[in-house]
Amino acid sequence: MGHTRRSVLTGLGLAGLAAAIPPLIKNAAASLRLEPSTADSSACPFRVAVINDEITQDFEKACQIVAGDFRLGWIELRSMWDKNVTELDAKQIADAKKILEEHKLRVTDIASPLFKTDWPGAPRSSQSQTRDQFHADFDAGAQDKLLEHCISLCKSFNTDRIRCFDFWRLDDPKPYRAAINAKLQQAAERCAKDNVILLLENEMSCNTATGEESAALLKAIPNKNFMLNWDPGNAAAFGSTPYPAGYDLLPKDRIGHCHCKDVVRKPDNKYDWAPVGAGIVDWVGQLQALQRDGFRYGLSLETHWRGAGTPEASTRASMDGLKKTLTKAGISC
């Protein structure tokens, strides 16, 4: 998702066998359910986090705000120092790890741009050159190498999750859907060898945007380490109802991460981003459902809204909205 997207057309983009997953994967996933740091409320069922670059490209300042001001123990890594996390050099990785340790922050996942590119051989997507890449631009031929690097980053940052997409949205993905699924399944199988979970984000500029489409994809790729990065805001911006309609279709044990942002309808049939709790997403109901259904993974604030003037000020306002929404939902975080 892009920092600078102010609105999204409601109709944007409208026009394999399962691999055997060793028991080790399930054990690894369970073993990596780390306890929250002392900054977290022990009663909080989620790993409440913020995507670091939603605040600032100054990684140390972002960590200070997340740990010190927001009193969180988790953070999601996407870009820093004007470089995508997948393009950091060895010294920058070491520096980032030191900053995380100093602020006692754990990493929910590597928010990579994996598979956020054109599908080879298909008509060029209208989305392929219009989106913020978060300081990354990897073509289709670079994806396998990018995946290997993301697995390495998981080890460096002590996380078991990589975020990915399913290629820029096609006007008619049906002729290519089976091949796309096979590529995603192949990637999940590769991740399984290193006990890594691959998280597919529903994203309106890619081929899986809604709860309905997410459910279909998870059914087609039943690998247990292939999970959903559920983003109700993205689904709402696409024009669907993420909760309860979309969420009710999802296999709850396949949701491995959740992005939290909100959207509002505009008179011109477009959408703007909004602070959490100030838009059309039923976040109270969604959060209650996640808690009820046993979701215990990352709940990352992905602000996008810039109505407070600066990324930092807007993130602070949206975090305040998230905390108030959690309170309304009766969840102590």
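**Hairpin.** I started with strand 11 and strand 12 in this predicted model. They form a hairpin, and four residues lie between them. Asparagine 269 sits in the turn and has a positive phi of about 70°. I then looked up the pairing. Strand 11 covers residues 262-265 and strand 12 covers residues 270-274. The two run antiparallel, joined by four bridges. Which residue of strand 12 stands opposite arginine 265? I found tyrosine 271 there.

**Disulfide.** Next I turned to the cysteines. How many disulfides does the structure hold? I found one. Cysteine 44 and cysteine 333 form this disulfide, with their sulfur atoms 2.0 Å apart. The pair links distant parts of the chain, 289 residues apart. I placed cysteine 44 in the loop between helix 1 (23-31) and strand 2 (47-50). Cysteine 333 lies in the segment after helix 10 (311-328). I checked the handedness too. The torsion about the S-S bond of cysteine 44 and cysteine 333 is about 75°, so the disulfide is right-handed.

I also noted accessibility for both partners. Cysteine 44 is buried, because its relative accessibility is 12%. Cysteine 333 reaches 38%, so I logged it as partly exposed.

**Other cysteines.** Why is cysteine 206 not bonded to cysteine 164? The sulfur in cysteine 164 is the closest cysteine sulfur to that of cysteine 206, but at 9.5 Å it is too far for a bond. Cysteine 206 is buried, with a relative accessible area of 0%.

I did the same for cysteine 258. Its closest cysteine sulfur belongs to cysteine 260, 6.3 Å away, which is too far for a bond. Cysteine 258 has 0% relative accessibility, so I entered it as buried.

How values were computed
Residues are numbered from 1 along each chain as its sequence is written. This is a predicted model: local features need pLDDT of at least 70, side-chain atom pairs count only at pLDDT 80 or more; totals for chains, interfaces and linings use all residues. Side-chain values use heavy atoms; hydrogens and water are left out. Two strands pair if DSSP finds at least two bridges between them. A disulfide is a pair of cysteine sulfur atoms within 2.5 Å. Buried means under 20% relative accessible area, exposed over 50%, partly exposed in between (1.4 Å probe, protein chains only).
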